[in-house]
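Here is a friendly walk through one model, strand by strand and ring by ring. Keep the 3D view open as you read.

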Amino acid sequence: QKRGDQVWFVSNRIGENAHLQTLSWLYEHGIDFPCVFFAEDKIPYLRLLRANFFIDDRPDTVAEVARVSEEEGWKHFSVYVKDMAYNRAVHNVKRAGSVKEALIAEGYWE
């Protein structure tokens, strides 16, 4: 069961239909009324939104967000890597098999 928290997605997906593809994927995975931004550098958006949760599958992105959040002392902030075979070398962050699994683990989805 969803709690009604506001969820923002910052994606680096590219292509002519990137926005529609992203929205469709999110709806198919149970995310109602998603708000999506597109950016290669996600950290400025995380700061602006005062995010408290982040998940990504790209090792370099996850490592950079984890490093910046620790250096800047972001309170109540969790970093997850979406568990994939190609990112098993990423350590010191939480792992989840899906966005929904991470949201449940953080208490945003019951």
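## The three-stranded sheet

In this predicted model, strand β3 and strand β4 (residues 78–82) run parallel and are joined by four bridges. If you would like one contact to look up, phenylalanine 54 has valine 79 in β4 as its bridge partner. Helix α3 (residues 59–71) packs on the sheet, where it touches β3 and β4. The direction of helix α3 makes about 170° with that of β4.

Stepping back, the sheet is an open one with three strands in the order β3-β4-β5, and the pairing is parallel. Which strands stand at the edges? They are β3 and β5 (94–96); each has a single partner strand, so one side of each is left without a neighbour in the sheet. From one strand to the next, the twist averages 30°. As a general reminder, strands of a sheet pair through backbone hydrogen bonds, either parallel or antiparallel.

## The β1 and β2 pair

Now turn to β1 and β2, which also run parallel, with four bridges joining them. Serine 11 stands opposite phenylalanine 38 in β2. To get from β1 to β2, the chain passes through helix α1 (residues 18–28), and this β-α-β crossover is right-handed.

## Aromatic pairs

How many aromatic pairs does the structure hold? There are five. One of them joins tryptophan 8 and phenylalanine 37: the ring centres are 5.6 Å apart and the planes lie at 20°, so this pair is stacked. The two residues come from distant parts of the chain, 29 residues apart, with tryptophan 8 in strand β1 (residues 8–11) and phenylalanine 37 in strand β2 (residues 35–38).

Are these two residues buried, or partly exposed? Tryptophan 8 counts as partly exposed at 33% relative accessibility, and phenylalanine 37 is partly exposed with a relative accessible area of 26%. Ring pairs also bring in Tyr45, linking Trp8, Phe37 and Tyr45 into a cluster.

## An edge-to-face pair

Phenylalanine 53 and tyrosine 108 form another pair: their ring centres are 6.1 Å apart and their planes are at 65°, so the pair is edge-to-face. This pair, too, links distant parts of the chain, 55 residues apart. Phenylalanine 53 is in strand β3 (residues 53–56), while tyrosine 108 is in the segment after α4 (99–105). With a relative accessible area of 16%, phenylalanine 53 is buried, because buried means under 20% relative accessible area.

Key. Residues numbered from 1 in each chain as written. Predicted model: local features only at pLDDT ≥ 70, side-chain atom pairs only at ≥ 80, totals over all residues. Heavy atoms only, no water. Phe/Tyr/Trp six-rings, centres within 6.5 Å; stacked < 30°, edge-to-face > 60°. Buried < 20%, exposed > 50% of the residue type's maximum accessible area, 1.4 Å probe, protein only. Pairing = 2+ DSSP bridges. Axes fitted to C-alpha atoms, helices over the stretch in contact; angles between N-to-C directions. Contact = heavy atoms within 4.5 Å. Right-handed = clockwise from strand over helix to strand, strands pointing away.
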